[in-house]
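Reader: I would like to go through the labels used for this model and ask what each one rests on. Please show it before we begin.

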Amino acid sequence: MTAEPLATATGSEPPTGTDGPDLAASGVDAGYAAAQILHAVDLSAQAGRITSLIGPNGSGKSTLLKVCTNLLDHQAGSVVVRGDDIAGLSTRQ
């Protein structure tokens, strides 16, 4: 699921010269025990822009955020923060 931001935090264009998004999740599968919650989810967010994640209760919003912050392991796909894959990093890193 990818959404374009409606506005930027400062009301101006985002910083230029970046190679890609600051946060990119691609093809993420994740869940709890036997319940798979996320199925091939994509997300892209860039610093200086407002990005919202909306959906009904139980649709996986919190699960996706937990995966993106490395609080929950994902079974498939990748999460990259500022060019670094978070796989194998501690939550603190």
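Reader: What pattern does the protein follow along the sequence?

Author: In this predicted model, the order is β-β-α-β-β. That corresponds to 1 helix and 4 strands.

Reader: Why are β1 and β2 said to pair?

Author: Pairing takes at least two bridges between the strands. Strand β1 (residues 23-32) and strand β2 (residues 35-45) have 7 bridges in the antiparallel sense, so they count as paired. Within this pair, A25 is opposite L43 of β2.

Reader: What makes the turn between β1 and β2 a hairpin, and which residue there has a positive phi?

Author: The two strands are linked with 2 residues between them. A33 in that turn has a positive phi of about 50°.

Reader: How do you know that β3 pairs with β4?

Author: DSSP must find at least two bridges, and β3 and β4 are joined by 2 bridges; therefore the requirement is met. They run antiparallel, and V80 has D85 in β4 as its bridge partner.

Reader: What joins β1 to β3?

Author: There are 5 bridges between β1 and strand β3 (residues 76-81), again antiparallel. L23 stands opposite V81 in β3.

Reader: Why are some strands called edge strands?

Author: The open sheet has the order β2-β1-β3-β4. β2 and β4 (84-85) each pair on one side only.

Reader: How many of the residues count as buried?

Author: The share is 24% of the 93 residues, where buried means under 20% relative accessible area.

Terms used. Residues are numbered from 1 along each chain as its sequence is written. This is a predicted model: local features need pLDDT of at least 70, side-chain atom pairs count only at pLDDT 80 or more; totals for chains, interfaces and linings use all residues. Side-chain values use heavy atoms; hydrogens and water are left out. Buried means under 20% relative accessible area, exposed over 50%, partly exposed in between (1.4 Å probe, protein chains only).
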